[in-house]
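Trainee: Please take one part of this model and look at it closely for me, starting with how it sits among its surroundings. I would then like to see how that part relates to the rest of the chain.

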Amino acid sequence: MEKITVSATSLNLIDNPISNTKITKAHLLPHPESQLDSIEMKETPLADSSIPYRDQTDISSKKASIARIIDKLDVNASIRYQKTIEDTYCNVYSYDYCYFCKVYLPTVWWTNESLEKIMQGEKVEAVFEQTVDRIFSSAIHDWFLEWGASFGWHRMTSVDEIQNKVNANGGIGIICAKRKIKGLSGHIVPVIPETELYKAYRENGKVLYPLQSQAGKLNYNYFSEVRKDWWNDELYSSHVFYYHD
């Protein structure tokens with residue numbers, strides 16, 4: 001999903017690995033109308049107590065609970081994530097996935113004015129379309145480079161590396177690609193732990209296409225080979241791989 005957003009920050013597009021202790025999460029509260037069977041309130045967390053959170057007791061519980069989250073969100077069937085004439089909702093699904101995995105990925109982000117105040121030490125409340133606004137996939141690509149380290153994200157060098165980290169630790173992987181043409185759709189996709197039924201695609205033991213889950217023009221609860229190395233498509237100017245424990 002991609003539109004020009006007034007909340008896009010002035011990013012230098014250089015990977016910043018240093019955490020900024022002043023920056024805070026831009027979170028809206030769950031809204032009663034934010035539901036899997038609704039197209040409303042996609043900018044807020046889902047208000048559904050039946051959706052499980054990632055169980056961080058150990059690696060096995062992390063991976064088992066991630067599978068339950070994917071099954072419950074059911075991106076392939078849930079109305080919330082189905083494409084419309086205007087948009088696709090890769091960013092909404094990626095946000096929901098990360099939210100229930102207990103890691104921070106923005107679905108709204110601070111306006112430039114709000115960021116200036118926060119950097120000056122002021123406390124700013126997240127108010128939709130006032131202090132925060134929607135952030136879409138191409139802008140999230142830039143957000144990772146500027147702010148990812150401040151929220152525990154670590155940049156990876158390859159899909160083989162990110163799949164191995166996700167498998168080994170029950171962590172959260174993200175591939176995010178920025179569109180060449182401003183205002184057109186970029187793409188963002190979680191990389192997920194392999195299961196007995198669902199695997200990444202490898203050649204000579206190396207992951208070429210990781211196991212992923214996505215909303216987009218087509219929605220998949222699980223996929224790997226079907227979309228090949230989509231992040232290298234000529235539509236995109238850049239892509240990043242990130243991992244969070």
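Mentor: Helix α4 spans residues 137-147, and because 11 of its 11 residues are buried, it is largely enclosed by the rest of the structure. Buried here means under 20% relative accessible area, exposed means over 50%, and partly exposed covers what lies in between, with a 1.4 Å probe and protein chains only. The helices (H or I, at least four residues) and strands (E, at least two) are DSSP runs, numbered from the N terminus. The model is predicted, which is why local features need pLDDT of at least 70 and side-chain atom pairs count only at pLDDT 80 or more, while totals for chains, interfaces and linings use all residues. Residues are numbered from 1 along each chain as its sequence is written, and side-chain values use heavy atoms, with hydrogens and water left out.

The buried set of α4 holds polar and charged names as well as nonpolar ones: S137, S138, A139, I140, H141, D142, W143, F144, L145, E146 and W147. An α-helix has 3.6 residues a turn, so residues three or four places apart point the same way. H141 belongs to α4, and with a relative accessible area of 3% this histidine is buried. Leaving aside neighbours within four places in sequence, H141 is in contact (heavy atoms within 4.5 Å) with C176, A177, K178, S238, H239 and V240.

Two residues of α4 also stand out in the largest nonpolar core, a core being a set of buried Ala, Val, Leu, Ile, Met, Phe, Trp, Tyr and Cys residues joined through side-chain atoms within 4.5 Å. Of its 52 residues, W143 and F144 are among those that touch the most other members, together with L73, Y97, W109, W110 and W153. At least two residues of this core come from each of α1 (59-73), α2 (90-100), β1 (108-110), α3 (112-119), α4, β4 (172-179) and β10 (236-244). The largest share, 8 residues, is supplied by α2. Another core of 17 residues lies apart from this one, and I162, V189, W230 and Y236 are among its members. In soluble globular proteins, nonpolar side chains tend to be buried together.

Of the hub residues, L73 can be followed further: not counting residues up to four places away in sequence, L73 touches L36, L46, I51, S78, Y81, Y93, D96, Y97 and F100.

Beyond the end of α4, A149 lies in the loop between α4 and β3 (154-156). Its contacts, leaving aside neighbours within four places in sequence, are N16, P17, I18, S19 and F144. A149 and D15 are 134 residues apart in sequence, yet their C-alpha atoms are 9.2 Å apart in space. Farther along, helix α5 (residues 159-169) has V159, D160, I162, Q163, V166 and N167 as its buried residues, and just after α5 G170 takes a positive phi of about 65°.

C176, one of the contacts of H141, leads to the cysteines. The structure holds 0 disulfides, a disulfide being a pair of cysteine sulfur atoms within 2.5 Å. C176 is in no disulfide, and the nearest cysteine sulfur, that of C90, is 7.7 Å away. C176 is buried, with a relative accessible area of 0%. For C101, the closest cysteine sulfur is that of C98, at 6.6 Å, too far for a bond; C101 too is buried, at 0% relative accessible area.

For the setting of α4, the chain contains 5 helices and 10 strands, and buried residues make up 53% of its 245 residues. A compact globule with 245 residues would have a radius of gyration near 18 Å, and the 17 Å of the chain agrees with this; the radius is taken over C-alpha atoms, and the globule rule is 2.2 Å times the number of residues to the power 0.38. Among contacts with a separation of 6 or more, 68% join residues 24 or more positions apart.

As for confidence, the chain has a mean pLDDT (the predictor's confidence in each residue, from 0 to 100) of 94, and 95% of its residues reach 70 or more. Over residues 1-12, however, the pLDDT is below 50, although this stretch has 42 contacts in the model beyond near neighbours in sequence.
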